[in-house]
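Colleague: I should be grateful for a close look at one part of this model, namely its salt bridges. Please then set that part in the context of the rest of the chain.

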Amino acid sequence: MPLPDDWRSTASAARYLGITPRTLYRLMNEGKVPGYRFGRVIRIRSADLDAFIEASRIQPGELRHLYPPLDDEGQSQ
């Protein structure tokens, strides 16, 4: 039986985010992605996944720590 468009299974949500179900469970456990338990199954709202994606957006300059600064000649220091 297909789920309504508003709800996703954990497998579907993990595929949508491009992560493993284990990582999704960790994100839910950390409170970063809200999950809902209905009996023995867990479901995630599509809108909550989209909100998580937006909150995860990298802002300009946030990754500066991943590469060394350049000297005056454009070489790594």
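Modeller: Arg26 is a convenient place to begin: with a relative accessible area of 42%, this residue is partly exposed. The terms used here are buried for under 20% relative accessible area, exposed for over 50%, and partly exposed in between (1.4 Å probe, protein chains only). The model is a predicted one, in which local features need pLDDT of at least 70 and side-chain atom pairs count only at pLDDT 80 or more, while totals for chains, interfaces and linings use all residues. Residues are numbered from 1 along each chain as its sequence is written, and side-chain values use heavy atoms, with hydrogens and water left out.

The side chain of Arg26 joins that of Glu30 in a salt bridge, with an N to O distance of 3.3 Å. A salt bridge here is a side-chain nitrogen of Lys or Arg within 4 Å of a carboxyl oxygen of Asp or Glu. Glu30 is likewise described as partly exposed, because its relative accessible area is 41%. Glu30 also has a salt bridge to Lys32, and the closest N and O atoms of that pair are 3.3 Å apart. Lys32 has a relative accessibility of 47% and therefore counts as partly exposed. Glu30 thus appears in the pair with Arg26 and in the pair with Lys32, and Arg26, Glu30 and Lys32 are linked in a network of salt bridges.

The structure holds three salt bridges in total. Besides the two pairs that involve Glu30, there is a salt bridge between the side chains of Glu54 and Arg57, with 3.0 Å from N to O. Glu54 is placed in the partly exposed class because its relative accessibility is 47%.

The wider fold gives these contacts their setting. The protein has three helices and three strands, and their order along the sequence is β-α-α-β-β-α. These elements are DSSP runs numbered from the N terminus, with helices (H or I) of at least four residues and strands (E) of at least two. Of the 77 residues in the protein, 21% are buried.

Helix α3 provides a link back to the network through Ala55, which is found in that helix. Ala55 and Lys32 are 23 residues apart in sequence, yet their C-alpha atoms are 9.4 Å apart in space. Lys32 is the residue already described as bridged to Glu30. Ala55 itself counts as exposed, because its relative accessibility is 67%, whereas Lys32 is partly exposed at 47%.

Asp48 is also found in helix α3. With a relative accessible area of 18%, Asp48 is buried, while Ala55 in that helix is exposed. Asp48 and Asp6 are separated by 42 residues in sequence and by 9.6 Å in space, C-alpha to C-alpha.

Beyond the helix, Leu63 lies in the segment after α3, which spans residues 46-55. Leu63 has a relative accessible area of 38% and is therefore partly exposed.

To return to the request, the part to examine in the display is the network of Arg26, Glu30 and Lys32, together with the separate entry for Glu54 and Arg57.
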